[in-house]
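This report describes selected features of one protein model, taking the surface first and then the strands and their charged pairs. Please consult the sequence and the structure alongside the text.

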Amino acid sequence: MRHPQHGRRDTRLHIPLADDIATASADLLFSEAPVFTVEDTATQDRLGDIVEAGGIANTLLEAAEVASALGGVYLRATWDASLVACPILTAVHADTAVPEFRWGTLVAVTFWHELASDSATVWRHLERHESGRILHGLYQGTPERLGVRVPLTEHPEVAPLADSLDTEGEGIATGIDALTAAYVPNIRPHRKYRGSPFGRSDYAAPLHDLMDALDETWTSWLRDIRLARSRIIVPDAYLRDHGPGRGASWDEDREIWHGLNIPPTEQGTGITLSQFAIRVTEHQTSADSIVQQAVRSAGYSAQSFDLGDQVAATATEVKSRERRSMITRPKKARYWAAPLNDHTPAAQPNPGRPRTGAAAPVRRGRVRPPRRTARSTRPAQRPDRRPHRRPRYARRRARTDTLAPAEPRRPAGLRLASHGLPLMRHAPTSAPRHVGGASSFDGLQGHLRRSSTITS
């Protein structure tokens with residue numbers, strides 16, 4: 001869109017279609033809270049407490065919306081005994097992480113964010129998750145450079161972490177042989193970077209041009225409304241002269257006027273009403289077409305955004321209209337199932353509390369996404385109205401005349417695949433890919449130089 005001229009009011013209108021797409025993606029996945037189950041009874045009780053106290057359902061809803069916009073999101077397990085007596089699941093945006101993948105699997109990741117500062121100095125906190133360990137570092141630099149590493153006690157926001165570090169003063173041992181962070185791609189493959197382990201955004205189709213066209217359409221529509229305000233044009237003789245140099249004015253509330261000595265054949269002596277038409281149909285049709293094309297490119301049905309005919313329909317008709325959204329939902333759910341199964345907080349020991357005694361190993365938990373079913377929009381049938389049934393002899397004759405063999409039953413395993421749960425893990429088919437990185441902060445600065453725009 002064109003930028004407004006200097007000194008003039010900005011009359012452009014923005015339609016938040018991108019927000020609607022991200023919200024619809026999150027609602028399809030986690031509008032209903034997923035169900036976490038494990039086989040051990042005590043672990044199941046502990047898991048229920050963690051899900052309730054940690055607000056995991058709300059965290060997953062937020063993470064799904066972020067993943068739709070950025071192409072992926074990181075789930076991070078943290079703990080703070082002063083807040084809640086259980087692990088806390090947090091969502092980290094993909095543009096604040098430097099990951100390391102091997103065979104498409106996350107093996108380490110470094111999260112970074114800027115801390116509050118009252119000067120030109122930029123403070124950055126780096127948090128690196130490795131297998132069985134979490135490293136923390138504070139860096140003092142500039143907006144363009146990472147800078148030098150300083151003790152955590154130099155900034156009040158991360159100073160409490162210094163008491164939790166090990167004897168080396170670099171990290172915290174988690175007590176498990178797995179990462180405390182997981183990467184969830186929105187959907188793959190990445191169409192711009194082939195072979196990349198990152199997911200692609202719902203806006204990568206490319207939707208930016210369609211969103212720009214939608215803003216221009218609504219801006220033109222509002223301009224028609226502004227120009228369509230009623231205006232009147234009066235001749236000079238109808239104006240009241242205020243004297244030399246004071247101009248003239250039109251009194252619209254004046255009730256008594258006197259006639260003018262003007263020939264009846266002279267034109268343009270009366271009051272003229274000026275009002276332009278508003279092109280409602282043209283703008284509405286253009287806007288709806290742009291929105292439908294945008295949501296179709298993102299992988300959703302127009303009916304998921306309340307577009308199209310809003311008439312009563314059966315459950316079968318609703319499912320047919322939202323078929324594209326129902327296909328996209330299980331595709332995305334499969335990317336969420338594996339990280340949630342591998343990083344169920346109850347299936348791991350409490351990292352803030354040491355183990356005591358001989359505890360039996362806890363089996364791996366499973367997450368089952370809620371099954372969404374299409375609901376009919378037609379009114380329910382009256383309970384006193386029974387469905388029509390054929391006579392008994394007609395049903396018996398129909399069974400006798402049927403000579404075609406019965407359709408074979410589908411195995412139970414095939415039905416499970418339609419619920420978005422993976423039935424098996426596939427072996428990698430490409431050569432191993434490894435992003436180099438160091439296990440200490442000495443090599444981390446070099447890794448950030450190669451992987452991000454921040455340089456030391």
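Is D20 buried or exposed, or does D20 fall in between? The model is a predicted one, and in it D20 is partly exposed, with a relative accessible area of 40%.

**Surface patches**

D20 is part of helix α1. On the surface, D20 gathers with D19, D27, E62 and E65 in a patch of negative charge. Two helices, α1 (17-30) and α3 (56-70), each supply at least two residues of this patch. The most is given by α1, which contributes three residues.

A second patch is nonpolar: I225, I278 and V280 make a surface area of about 220 Å². Of these residues, I278 is placed in the loop between β14 (272-274) and α5 (280-298). Its relative accessibility is 37%, so I278 counts as partly exposed.

**Strand β6 and its neighbours**

How many of the nine residues of strand β6 are buried? Nine of the nine residues, 122-130, are buried, and β6 is therefore largely enclosed by the rest of the structure. In a regular strand, side chains alternate between the two faces of the sheet. In β6, V122, R124, L126, R128 and E130 point one way, while W123, H125, E127 and H129 point the other way; all are buried.

Strand β6 pairs with β5 (residues 105-114) in the antiparallel sense, through six bridges. In this pairing, W112 has L126 of β6 as its bridge partner. Strand β6 is also joined to β7 (residues 133-141), again antiparallel, by nine bridges. Here H129 has I134 of β7 as its bridge partner, and W123 stands opposite Q140 in β7. The hairpin of β6 and β7 has two residues between the strands, and G132 in this hairpin takes a positive phi near 80°.

**Strand β7 and the strands it joins**

Seven of the nine residues of β7 are buried, so this strand too is largely enclosed by the rest of the structure. Strand β7 pairs with β9 over three bridges in the antiparallel sense, with I134 opposite I172 of β9. Three antiparallel bridges also pair β7 with β8, and in β8 the bridge partner of Q140 is V148. I134 therefore has a place in two pairings, as the partner of H129 in β6 and β7 and as the residue opposite I172 in β9. The hairpin of β7 and β8 has six residues between the strands, and G147 in this hairpin takes a positive phi near 95°.

After β8 comes the matter of P151, which is placed in the loop between β8 (148-150) and β9 (171-173). With a relative accessibility of 49%, P151 counts as partly exposed. P151 and Y139 are 12 residues apart in sequence, and their C-alpha atoms are 8.5 Å apart in space.

**Salt bridges**

Side chains of opposite charge can pair when their charged atoms come close. In the whole structure, a search finds 10 salt bridges. Three of them are listed below.

| Salt bridge | Closest N to O distance |
|---|---|
| E130 and R128 | 2.7 Å |
| R133 and D166 | 3.5 Å |
| R133 and E170 | 3.9 Å |

The salt bridge of E130 with R128 involves two buried residues. E130 has a relative accessible area of 13% and is buried; R128 is buried at 3%.

Which parts of the chain does the salt bridge of R133 with D166 link? R133 lies in strand β7 and D166 in the loop between β8 and β9, 33 residues apart, and the pair links these distant parts of the chain. At 30% relative accessibility, D166 counts as partly exposed. R133 also meets E170 in a salt bridge. Because R133 lies in strand β7 and E170 in the loop between β8 and β9, this pair ties together parts that are 37 residues apart in sequence. R133, D166 and E170 belong, together with R149, to a network of salt bridges.

Terms used: Residues numbered from 1 in each chain as written. Predicted model: local features only at pLDDT ≥ 70, side-chain atom pairs only at ≥ 80, totals over all residues. Heavy atoms only, no water. Patch = residues over 30% accessible without salt bridge, like charges linked within 9 Å, V, L, I, M, F, W, Y side chains within 5 Å. Areas by Shrake-Rupley, 256 points an atom, 1.4 Å probe, with all protein chains shown as cover. Salt bridge = Lys/Arg side-chain N within 4 Å of Asp/Glu carboxyl O. Helix = DSSP H or I, 4+ residues; strand = E, 2+ residues; numbered from the N terminus. Buried < 20%, exposed > 50% of the residue type's maximum accessible area, 1.4 Å probe, protein only. Lys, Arg positive; Asp, Glu negative; His and termini not counted. Charge placed at Lys NZ, Arg CZ, Asp CG, Glu CD. Pairing = 2+ DSSP bridges.
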